[in-house]
Amino acid sequence: MARSGLAAAARVARWADTALGVGRDGVTADGKATLSDATAEHAAADLGLSVAQVRADWDIARLAGLVEVHGGRARPGWRLRAWDRDDSAVLRGWVALFDAWSLAYPEPAHHEPAAVAEVVSAMPQVLSFLQLSAGPVPVEQLLDLLEQRVTELRTERCEIPYGPQPDPALETGWQDTPLAPLLDWALHALASVGALTCGDGQATLTPLGSWAVWVKLEQICVAAQSPAGNIEQSAEDMLRGCAQLRPNAARAEYRAWLAARPVGSAVTELLAAARGEDALLRGLAFEALRVVGAPAEADVRSVADEPTLRPYALLWLAEHDGIDPEDAHEVLTREEATWLWVDTAAAVADHGEAPMLVRHLESAVQATVPALLDEVRAVGHPRTVQVLVALAAAHPDPALAKAVRRAAFQVHTGGD
């Protein structure tokens, strides 16, 4: 259903990608989102559509994230790139359109913006009621619910007038706006994106609309069940709070944290935390990005050239492409694997116990400790000296500890 509903928008987005090229200037007329006349006419001629239909499909493609407009430039969104191979990209695109229902259908004329905003804020409760009803609901019943919810919103804002008040008989305001026309607009807007059907005085969620509302309710429940209470924290503080949790509990915390914020900004924040000096947070940030899944692919791919993040990004991308996590390390070069070994050792040295650091030796790709030390010295990790000193202090074998200390001294002094 989502593919069918977005097919026309995807067609226009693909046309723009092919006919105009990535980042083409002049695609939009206002530097924001509206197609220029020349581009719209070009698309209409190529696709056999009217200019009006092209513009409508373009708007849907933009709201669904199939195209992204930055200034006067348009470029394909990650959902368009993943369209044919990733069903979750299609569903996320439709949910993005569903979230933007109030922008997909013209607002009713001559209504106060404040009243329109109240109805938009109140509609999630109306939709939840429709979802729980699992069938047609009379519009009159929905209107009663909407009026109750709007009243609750005004009470929550404590809209109690202060000071001398004018005669109410002489003044009307947006609080007096009748809600029936606004509910009619909201239902038709939601119908235009495929979330519900309305007719004969009744409204019914489509299967796709019912699924989307269920997903939203589930996200609210997940966010409310944050096991460690880090949901309001920054990515860095949240990751620190997850450091002592078991893997399943940490994943639950990541899901709760992600459910409470937009995916794009969450991914940006996680990658910023990964760029910091704490190697433990780097590893945990990519564990959280594994919970994000496909929506993080473009961002993770874009950081694969950053030396600090490259091994983590390559492993993430390999697992995302279906490689077994136990075999994913094979995508790393010897140098990248060694760099990752040092980075992980830094995390253990900072946050773990001595026996863990000793056991970490077993995970090195090198067959012998001397070979490991030679390659660790060559790879140039900024924490090499500290890692080797900590390993020498922790290892019970005096001869091996001495060799590790010597290697640390050589790295520190730049000698051979």
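How exposed is Arg3, judged by its relative accessibility? In this predicted model, Arg3 has a relative accessibility of 31% and therefore counts as partly exposed.

## Salt bridges that join helices

The structure holds 21 salt bridges, and one of them is formed by Arg3, whose side chain meets that of Asp87 at 2.9 Å, taken from N to O. This pair links distant parts of the chain, since Asp87 belongs to helix α5 (residues 87-99) and Arg3 to helix α1 (residues 2-20), with their positions 84 residues apart. Whereas Arg3 is partly exposed, Asp87 is exposed, with a relative accessible area of 53%.

Helix α5 also takes part in another salt bridge, in which the side chains of Lys216 and Asp99 meet at 2.9 Å, again from N to O. Here too distant parts of the chain are linked, because Lys216 sits in helix α9 (residues 207-224) and Asp99 in helix α5, 117 residues apart. Both partners are partly exposed: Lys216 has a relative accessible area of 24%, and Asp99 has a relative accessibility of 45%.

## A further pair and a network

The side chains of Arg334 and Glu375 form a salt bridge of 3.0 Å, N to O. Arg334 lies in helix α16 (residues 334-351) and Glu375 in helix α18 (residues 369-379), so this salt bridge ties together parts of the chain that are 41 residues apart in sequence. Arg334 is partly exposed, with a relative accessible area of 40%, and Glu375 also counts as partly exposed, at 24% relative accessibility.

Salt bridges can also be joined to one another, and in this model Arg85, Glu297 and Arg301 are linked in such a network.

## The two sides of helix α2

Which residues of helix α2 (residues 37-47) are buried? They are Thr39, Ala40, Ala43, Ala44 and Leu47. Seen down the axis of α2, these buried residues fall within an arc of 135 degrees, so they line one face of the helix. The spacing can be understood from the geometry of helices: an α-helix has 3.6 residues a turn, so residues three or four places apart point the same way.

The buried residues of α2 pack against α1 and α3 (51-63), whereas the face of α2 turned away from its buried side carries the exposed residues Asp37, Ala38 and Ala45. After α2 comes Gly48, which has a positive phi, near 70 degrees.

Conventions. Residues are numbered from 1 along each chain as its sequence is written. This is a predicted model: local features need pLDDT of at least 70, side-chain atom pairs count only at pLDDT 80 or more; totals for chains, interfaces and linings use all residues. Side-chain values use heavy atoms; hydrogens and water are left out. A salt bridge is a side-chain nitrogen of Lys or Arg within 4 Å of a carboxyl oxygen of Asp or Glu. Helices (H or I, at least four residues) and strands (E, at least two) are DSSP runs, numbered from the N terminus. Buried means under 20% relative accessible area, exposed over 50%, partly exposed in between (1.4 Å probe, protein chains only). The arc is that of the directions from the helix axis to the C-beta atoms. Contact means heavy atoms within 4.5 Å.
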